[in-house]
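The following exercises are to be worked with the sequence and the structure at hand. Each task is followed by a solution in steps.

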Amino acid sequence: MAPPPSSTGGTQGTSRCPFSGASAAPVSKCPFAVTLLTTSDKVEYDPTRLAAEQKTLYGVGCQENQCQAAMMDKTNQPTVDANRSPDQVWREAYEFLLEYYRDCHPDGLAGLAARAVEVQDTIMSTGTYFQTREELEYGVRLSWLYIHYGSETGMSESFASAIQSTMASNNVTAICEPLNACDLTKLKQRCSLIIVTSTFGTGGPPANAKTFVDQLTDFQGDLSHVQAYIFGLGSSAYANFNACALEIASHLKRCKANVCLEASGDETKDMKRSFKAFFGDLTSAHGLKLPENSESEVAIEFSSTPLASPSTDDRVVQGTMLAPVVLLHTPGRKTINYRFSIPKTFSYKEGDHLAILPQNAPDMVEGVLQALSKADSTDYIKVSSEFAPAYLRGGLTWLEVVRDYIDLSAPVPLALTKLTTQYASPGSDAKIQLQFYSLSAVAHSKWLDESNLSVGEFIIEFATVVSRIPLDQLLLLCPRITPRLYSISSSAQDSPERVEITLRQSQIGERLGLCSAYLASVKPGESVRMYMSPCPAFHLDASCPTIMIANGTGIAPFRSFWRSKEAPAQWKRWINPRLKTTHPERVLYYGCRDASELLYSDEIQNCVEHSVVAYSRSRFHLKQYVQDALRDDVRRLRKLLENGAKVYVCGSQGMAADVKQTLEILLPYMLHKLIASGKYVEDIF
């Protein structure tokens with residue numbers, strides 16, 4: 001017989017389910033209770049009376065002589081687990097008892113000694129022991145529910161905390177930690193794994209979820225005892241929307257986990273509404289009650305003194321802007337090499353990303369503060385809502401929130417337009433205009449495409465109406481500034497005191513993108529908030545031949561490769577003993593419009609042994625794209641791959657897709673093996 005949820009091996013010597021609610025003492029609802037849908041209504045069944053043929057949430061029913069939660073046996077005979085020695089059972093039992101007495105026993109740890117002696121004696125003589133009713137209740141509440149989040153901006157964490165709060169209000173203790181703290185090998189039997197995560201960068205996990213995703217990707221165990229509930233959030237404005245949550249769900253299914261619920265929230269629409277729908281289904285599936293009238297409990301507070309400790313991220317450092325170098329400046333196109341001096345504690349490897357935390361433009365910030373005029377800009381702001389992110393919990397001033405956290409450059413979410421419509425005066429031009437724009441997602445998208453209106457411009461243009469919206473509702477609908485990732489184009493071995501990126505300024509209509517505009521406004525000597533975002537799959541493997549494929553600023557990580565101190569010794573020609581001819585070991589295939597846009601041309605000539613440049617709009621060269629250069633050089637590629645080369649692709653999504661399609665045709669069997677072995681890696685944007 002399987003162990004109880006506390007994994008201590010104990011059994012309860014009675015057939016009465018401790019979670020039926022008969023006791024006067026407050027206990028949690030049995031996690032194996034069931035809500036069955038009938039033709040007329042939802043009907044709750046007492047698990048102790050559930051017939052064998054009636055399925056619970058987990059596909060097996062509690063019966064009169066056995067509780068599936070605690071695996072109780074009414075014969076009053078403890079059950080011995082033949083797979084575990086008494087010493088193993090005792091160690092697990094003691095760890096559980098230590099937690100129980102520390103957390104909720106009225107005597108605290110003072111009562112542990114006597115109980116520990118009793119349990120140890122019983123285990124050593126019988127192989128198992130009886131749990132008390134209170135221990136059993138605590139064990140189920142402790143172990144059956146795990147809440148984990150992956151978050152860069154704090155939104156996923158706030159949603160996960162809201163779930164944990166609801167569990168607590170139902171007398172259910174749930175673990176709530178970053179995904180990196182989740183150990184798949186230690187998940188309890190019949191547990192619920194609730195995951196809330198965003199997607200970061202080009203489809204990868206946030207930093208506090210990366211270790212988990214790597215573990216899950218390589219995991220070969222059986223997770224059929226896990227019931228998973230997954231909510232992904234992000235912006236559909238990006239091509240890899242919800243990619244992290246989808247990847248997690250796919251791997252969990254591969255490991256036979258039962259993915260009971262999948263949902264996503266889009267910040268360009270109404271993410272909060274999407275999460276509430278997921279939240280409702282989640283709590284219903286577990287037989288829990290949502291807090292009543294939670295909307296009315298939301299409040300906003302301003303204070304001249306901090307209302308909480310400011311949220312901090314230990315990864316973030318202050319880099320100092322050095323003089324930038326303009327690499328390319330043609331009409332409508334400008335590429336810049338930005339350089340920052342960094343603290344000695346900041347470390348990175350070739351192939352990693354630099355995450356920049358941009359700020360909104362000062363004039364836009366001032367315009368929004370004037371339009372809303374809710375409080376003094378130096379006052380601290382706190383929103384009392386279960387969905388409020390960390391930056392709205394009282395540790396930051398109103399100015400800091402608007403400048404550093406609300407993305408005033410982002411497209412206006414449809415949900416914000418609809419909310420503003422509700423506060424416009426009947427018959428006013430604003431009412432008519434906003435109603436038309438919010439008729440449908442298609443109409444709203446067309447309006448944004450034509451106007452390029454940002455959140456900040458929207459607030460300023462419709463200031464009279466927006467100022468009527470309760471500030472807490474407005475703030476919870478505004479998109480958050482996300483870190484901007486850039487491939488590092490310097491080597492820590494070559495210049496450990498600084499870090500460099502290669503950035504092509506992005507244009508949105510007539511204005512620069514948020515980070516492009518921000519970096520352009522920073523003067524040498526001023527600080528920039530940043531952190532290193534690791535990209536281990538893209539680290540240089542100097543032990544094998546290297547094939548580098550890029551277009552535009554995708555050349556940035558390859559510059560970090562050849563500027564590494566170990567490069568001159570490692571990047572040398574190798575001899576094919578069979579053919580007795582010399583071949584380049586490191587090759588570059590690069591695409592750009594014309595010769596004026598060939599970045600780092602001198603360094604390429606001096607540091608790369610073989611390079612092919614494909615010009616797509618040159619008057620003096622044959623029109624080619626990167627994939628054409630690969631096709632013309634297929635014999636060289638095949639020889640390099642036969643000698644164990646690793647392929648790195650960095651650049652636009654379109655280029656990466658065309659390159660992969662071309663290689664699938666040229667080298668079909670090789671490409672599949674490269675991908676499976678991790679020797680074909682992409683860093684796309």
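**Exercise 1: A helix and its faces**

Task: In this predicted model, determine how the span of helix 2 relates to the expected value, and which of its residues are buried.

Solution. Helix 2 covers residues 112-126, a run of 15 residues. From its first C-alpha to its last it reaches 21 Å, close to the 21 Å expected at 1.5 Å a residue. Next, apply the cut-off for burial, under 20% relative accessible area. The residues of helix 2 that count as buried are L112, R115, A116, V119 and I123. Viewed down the helix axis, these buried residues fall within an arc of 100°, and therefore they line one face of helix 2. The face turned away from the buried side carries the exposed residues A113, A114 and S125. Finally, inspect what comes after the helix: G127 follows helix 2 and has a positive phi, near 95°.

**Exercise 2: An open sheet**

Task: Establish the strand order of the five-stranded open sheet and state which strands stand at its edges.

Solution. The five strands are arranged in the order 4-3-5-6-7, with parallel pairing. Strand 4 (175-178) and strand 7 (258-266) each have a single partner strand, so one side of each is left without a neighbour in the sheet. Neighbouring strands of this sheet are turned by 15° against each other on average, direction ignored. Now examine one pair in detail: strand 6 (residues 226-234) pairs with strand 7 in the parallel sense over eight bridges. Within this pairing, L233 has G265 of strand 7 as its bridge partner.

**Exercise 3: Enclosed space**

Task: Count the cavities of 30 Å³ or more and describe the lining of the largest cavity.

Solution. The count comes to seven cavities of 30 Å³ or more. The largest cavity has a volume of about 70 Å³. Its lining consists of M155, E267, K269, D270, M271, K272, L476, L477 and R480. Helix 7 (271-285) and helix 15 (471-477) each supply at least two residues of this lining.

**Exercise 4: Positive phi outside glycine**

Task: Locate N452 and Y600, and decide whether each is buried, partly exposed or exposed.

Solution. Most residues other than glycine have a negative phi. N452, although not a glycine, has a positive phi of about 55°. N452 is found in the loop between helix 12 (441-451) and helix 13 (455-461), and at 30% relative accessibility it counts as partly exposed. Y600 likewise has a positive phi, near 55°. Y600 is found in the loop between strand 23 (586-592) and helix 19 (601-607). Its relative accessibility is 11%, so Y600 counts as buried.

How values were computed
Residues numbered from 1 in each chain as written. Predicted model: local features only at pLDDT ≥ 70, side-chain atom pairs only at ≥ 80, totals over all residues. Heavy atoms only, no water. Pairing = 2+ DSSP bridges. Helix = DSSP H or I, 4+ residues; strand = E, 2+ residues; numbered from the N terminus. Axes fitted to C-alpha atoms, helices over the stretch in contact; angles between N-to-C directions. Expected span 1.5 Å × (residues − 1). Buried < 20%, exposed > 50% of the residue type's maximum accessible area, 1.4 Å probe, protein only. Arc of directions from axis to C-beta. 1 Å grid on protein atoms, 1.4 Å probe; cavity = no way out; pocket = protein on both sides within 12 Å on 5 of 7 lines; lining within 4 Å. Points joined across faces, edges and corners; volume = space filled by probe spheres on them.
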